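Work through the exercises below with the coordinates open. Each task is followed by a solution in steps.

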Amino acid sequence: MIQQQGSNRVYSRVTDEQGRSVIRVEGTNRDENRAFIYMARHFHKLGLPVPELYSVSEDEMTYTQEDLGDTLLFDAIKNGRETGNFNETERTLLERTLRALAHIQVEGAKDFDWSICFPVPEMDERAIRWDLNYFKYCFLKGTKIEFSEPKLEDDFDKLVCTLSAAGGLCSVSASGLSTFLYRDFQSRNVMIKDGKPYFIDFQGGRKGPTQYDVASFLWQAKANIPASLREELIDAYLDELKKFQPCMAESEWRAALPHFVLLRTLQVLGAYGYRGYFERKPHFLESIPNALINFEEIFTQNPELQQEYPTLFLLSKYLPRTTVNRRSTDGQSQCQALVVTIYSFSFKRGIPADESGNGGGYVFDCRSTHNPGKYDEYKALTGLDQPVIDFLEKDGEILTFLNSVYALVDHHAERFIERGFDHLQVAFGCTGGQHRSVYCAEHLAQHLKEKFNVQIELIHRERGIYHKW
């Protein structure tokens, strides 16, 4: 079996006694299968880089195809994705992929039977509204964030009109030929074999504009491609596209691109909401923060869009600071930010229990630092009182201790937010739960609230004090 992240199709590698292998695919939708089968045969006949189709079952629900190995482009550019610094090999792979895209978009459209496409033959206004509603109903409404639906629909209307006016929905190139829109063109749908990119999972393709695929690829949520490299890759892509369309209006193509980036980002958030919140697939929940960053950057890098789509602009500023997680309580779905519960306590009374039921988290022992409680003038005070604060900070041990705590807890909070977890607990213990542990709990709460969008529950157990903000 070959694990798939988003597809409902079942993939497996079948190997014979001689070690030869094929990929077997079992689909769930006959029309979708028929679209892929037709496209694979059509593209392969034209010499385009797709897997060769070997056999198809009589009911067209199962087929076998060429085994291209195990290297996804997504994995081949791992260093660049994780660091933001793409080496020469990774840059070459990205450029080769985009140049190959131009071929499948234009050459692949020759003598193409668009009626076979699934679920629609072309990208029209109705198809765009499906994507916009995908965002509204499967992501935005799931976050429980308040927004004006009429104003959001005004932005949607403007986006459709802008794409139409810019020629965005015109799927006929400058040369008079239709172009193929891959639809889900991203690095997980590109295989690398012998240094060459091969395209897979194009069954959602249809007649459509070329900008959409470029937006899908270069603004993929986890691709982490810096703006400067994006520009280089766009230049390379257009250089290849002009070989087929020498009279294309490059300025018009570029002017329409940010609108397609916005459309694709909204569609992706809708998909992540559906696959993550409803189907409970962790990979998609983990991708939401990256997609939200892209959403915000679209308006930062294209300020002219801020006035054109004011409601979406406001959402782009708010949503990245409101990373949400969906969980089920008594059969009802809820959305909330990460909750961090912070305790101060006395070891004499035991470590606080984790009421969330998740377990884990941190327990820090503050007893290695200088204890104000040993001195009469501080015995009646707590870590909330200025004389105790001054004592601890002048001594300095507590500050060194907290710097180490911040490094550990920051990493945990960041990863929990990325992965959509809903709770983290941190507890500070000392001798009486009065001075050092109270000081540390207060300062960690303030530190996390300033650095992350989290909800804080601060509990000084031995003092009977509870704060929530």
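**Exercise 1: glutamine 211**

Task: decide whether glutamine 211 is buried or exposed in this predicted model, and list its contacts beyond its neighbours within four places in sequence.

Solution. Step 1: the relative accessibility of glutamine 211 is 8%. Step 2: buried means under 20%, so glutamine 211 counts as buried. Step 3: glutamine 211 lies in helix 7, which covers residues 211–218. Step 4: with neighbours within four places in sequence set aside, glutamine 211 touches Trp253, Ala256, Leu257 and Phe260. Step 5: as a distance check, the C-alpha atoms of glutamine 211 and leucine 72 are 23 Å apart, with a sequence separation of 139 residues.

**Exercise 2: the span of helix 15**

Task: test the length of helix 15 (residues 436–451) against 1.5 Å a residue, then find which of its residues are buried and what covers them.

Solution. Step 1: helix 15 has 16 residues. Step 2: the expected span is 1.5 Å times one less than the number of residues, so helix 15 should span 22 Å. Step 3: the end C-alpha atoms of helix 15 are 23 Å apart, which agrees. Step 4: the buried residues of helix 15 are Arg436, Ser437, Val438, Tyr439, Cys440, Ala441, Leu444, Ala445, His447 and Leu448. Step 5: their cover includes helix 13 (386–395) and helix 14 (397–418), together with strand 11 (339–346), strand 13 (423–430) and strand 14 (455–460).

**Exercise 3: cysteines**

Task: determine how many disulfides the model has, and why cysteine 440 does not form one with cysteine 366.

Solution. Step 1: a disulfide needs two cysteine sulfur atoms within 2.5 Å. Step 2: the closest cysteine sulfur to that of cysteine 440 belongs to cysteine 366, at 3.9 Å, so the pair is too far for a bond. Step 3: the count of disulfides is 0. Step 4: for the surroundings, cysteine 440 has a relative accessible area of 0% and is therefore buried. Step 5: cysteine 247, at 68% relative accessibility, counts as exposed.

**Exercise 4: the whole chain**

Task: summarise the secondary structure, burial and charge placement of the protein chain.

Solution. Step 1: the protein chain has 15 helices and 15 strands. Step 2: of its 469 residues, 52% count as buried. Step 3: the exposed area is about 21500 Å², with 47% of it from carbon and sulfur atoms. Step 4: the 54 positive and 66 negative charges have mean positions 3 Å apart.

Note on methods:
Residues numbered from 1 in each chain as written. Predicted model: local features only at pLDDT ≥ 70, side-chain atom pairs only at ≥ 80, totals over all residues. Heavy atoms only, no water. Helix = DSSP H or I, 4+ residues; strand = E, 2+ residues; numbered from the N terminus. Buried < 20%, exposed > 50% of the residue type's maximum accessible area, 1.4 Å probe, protein only. Contact = heavy atoms within 4.5 Å. Areas by Shrake-Rupley, 256 points an atom, 1.4 Å probe, with all protein chains shown as cover. Lys, Arg positive; Asp, Glu negative; His and termini not counted. Charge placed at Lys NZ, Arg CZ, Asp CG, Glu CD.
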